[in-house]
Structures are given as structure tokens and as C-alpha cells.
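Hi,

Here's the structure I said I'd pass on. Have a look at it first, then read my notes underneath.

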Amino acid sequence: MKPDLQRRVQRYGWDYSSPYYQKGWERQLRPAQQKLIEEIDLQLGKKVLDISCGTGLVTYPIAKAVGVEGEIIGIDLSEKMIEKARNIFNDREIKNVEFRHMDAEELDFEDACFDIGVNSLGLMYYPNPDKAIQEMHRVTKPGGRAAALVWGRRKACGWAAIFPIVDRRVESDVCPLFFQLGTGDTLAQEFKDAGFVDIESERFEVLLPYETDEEALISAFQGGAVALAYRKFDEQTKEGAHAEYIESIQPFSSGTGYEIPGEFVIVSGNKSG
Ligand SMILES: C[S@@+](CC[C@H](N)C(=O)[O-])C[C@H]1O[C@@H](n2cnc3c(N)ncnc32)[C@H](O)[C@@H]1O
């Protein structure tokens, strides 16, 4: 897929997912996101960039950790995600967070202006994740730290059938390189190539709980990467895709719902200086 097309698919796809994202993923992603937060040294007063912040699921614990003396900027390519995040943070009366519409591959910030850079589950969607990691390195202050969370290997993610199920019905690859960064030491190598040092890498599994078929379907089809393609399905196509997806997650039935395995990788590194 050409980079510009991929960017458009992402931008408008996530616009469409924005009302469903928290419903589909908030509870399921919490353990992995907490691990990411623990990985970075969040102290009071730090200035943090949250790249691909979405609705702010990670921005919120960061804001609490750095306190009112700290400053956080969340950026995302989807204007609807940014709008949603702004509303959530306004309702919570959090004042030290600003959200901006921006592409992770072209950060509109000066060099070396953040203590910490974070990217939670954004990198898999960019045409050039290496460029985004270089940009994260550029805007991090010398002595600062950056960390990224990505999904792990395809075979270790129990929900992965969603991609071929949707791809077959649109005759294209919705997210062709989705699992690449989380396979082998690809992400750690990209951090190294971008100039980070003292790199740490961790691979771990989380069980993603779903109470009902409906919850699992919203998460897979409307809450994420395939949402734009799914939106164009007619009712019959939707029904066929739903049945196939529910069939694919049967091995993870818990009796009352599902416990779908998901593998994640966290990589972090320092900017020397
Ligand atoms: C799975 S969500 C992650 C949201 C949040 N960080 C979290 O952990 O819940 C992926 C986000 O990446 C954003 N995204 C996709 N391509 C992007 C790009 N090129 N630049 C910035 N954000 C992008 C999407 O709009 C979406 O909000």
C-alpha cells in the first residue's frame, strides 16, 4: 500500500473507531499499558510526549504521575481521536495536557524538547515506523528516555484472524506489516538504528477478557485497524465476517466469554548525553 494511502486509511479509519475504541479496548489493554508506564521513569515535573495518544488511555496515568508541575502533549493523526481525548480531559478538568493533530513521522517540535517520549500501540500503523522512532529520538532531550509498546507475533495473538477475514472481503491488506515490529528483535533494532542506547526489550502475554460475542466483535471490527474497511461491508458481508471471527476465537472460550491471548513487546532506550 502506498504511504499516502495508508496514512489516509489510518486517519479516517481511526476517526470512525473513535466512539468504539474505549469500549472495545480499555479494559483489555490496561495491563500492557501499565507495564509501559512502569518502564519509563515518570517523575513529577517531567515534560512528556505521548505519540499516537488516541483517546488518552495512556496520557491519563502519565498526567497523574508527572503532576501539575509536569506537562504532556498528546499527538494523533485522527482528528476525531484528538477531539474525543480533549473532551475526556476537559470533563476530568485536567489542565496540564494538550492534544494536537499531528503525524508521528513528522513531529512539529524543536529538537530535544521532551524528557520522555511514549508510543503506545501506534507504530504498527505507520507507513514508516523507523522514521517515527527517529523523530521520537530527535525530540527527546539528551539524557531523556523513550519507550514503545507494540503487539507481538501474529501466532501469539489470538485475535489475529481478523486481518485475513477482512482482507478477503476487501481484496487488499488492511494492515500488511502489523506484526512485523513485534517479531524477533525488530523493534529493539529500530531503536538502536535511531540512536537510542541502553535499550531494554520485554515480550509478555496478556489475556484479553471479553464477556460476550458482541463485545469481542465491537473490539475487533469497529474499535481498531480494520474499521474503515468494515464500515463499507453490507449486512450480509458483516454477518459472514462476524461468524468467521467468532469461530476463530472459540479456542479461547472461557465458558461465559473469552480470554483471548495477546502478545506484546515493550522496548525502551535512552538518548545519550
Ligand atoms: C491502537 S490506537 C492507540 C491509542 C493509545 N495510544 C492507546 O494505547 O490506547 C492507535 C492510534 O494510532 C494513531 N495513528 C495511526 N497512524 C498514525 C500516524 N501516522 N501518526 C500519528 N498517529 C497515528 C491512530 O489514529 C490511533 O489513535
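Below is what I found, starting with one strand and its neighbours and then moving to a pair of helices.

Just so you know, this is a predicted model.

Start with strand β5, which covers residues 140–151. It's mostly covered, with nine of its twelve residues buried. On one side of the pairing story there's strand β4 (residues 114–120), which runs parallel to β5 and is joined to it by six bridges. If you want a spot to click on, try Ile116, whose bridge partner in β5 is Arg145. To get from β4 to β5, the chain goes through helix α5 (residues 129–139), and this β-α-β crossover is right-handed.

β5 also pairs with strand β7 (residues 258–270), this time antiparallel, through seven bridges. Here you can look for Ala148, which stands opposite Val267 in β7. While you're looking at strands, remember that in a regular strand the side chains alternate between the two faces of the sheet.

Now for the helices. How do the axes of α2 and α8 cross? Helix α2 (residues 21–39) and helix α8 (residues 213–222) have axes that come within 8 Å and cross at roughly 105°. Angles of 65 to 115 degrees count as roughly perpendicular, so that's what we call α2 and α8. At the contact, Lys23, Gly24, Trp25 and Gln28 from α2 meet Ile218, Ser219 and Gln222 from α8. Sorted by type, the residues of this contact are two nonpolar, four polar and one charged.

Happy to go through it with you on screen!

Cheers

Methods:
Residues are numbered from 1 along each chain as its sequence is written. This is a predicted model: local features need pLDDT of at least 70, side-chain atom pairs count only at pLDDT 80 or more; totals for chains, interfaces and linings use all residues. A residue is buried if 20 or more other C-beta atoms lie within 10 Å of its own, exposed if 12 or fewer, and partly exposed in between; C-beta atoms are placed from the backbone. Helices (H or I, at least four residues) and strands (E, at least two) are DSSP runs, numbered from the N terminus. Two strands pair if DSSP finds at least two bridges between them. A crossover is right-handed if, with the strands pointing away from the viewer, the path from the first strand over the helix to the second runs clockwise. Axes are lines fitted to C-alpha atoms, for helices over the stretch in contact, and angles run from 0 to 180 degrees between N-to-C directions. Angles under 35 degrees count as roughly parallel, over 145 as roughly antiparallel, 65 to 115 as roughly perpendicular and the rest as oblique. Two residues are in contact if their C-beta atoms, placed from the backbone, lie within 7 Å. Ala, Val, Leu, Ile, Met, Phe, Trp, Tyr, Cys and Pro count as nonpolar, Asp, Glu, Lys and Arg as charged, and the others, Gly among them, as polar.
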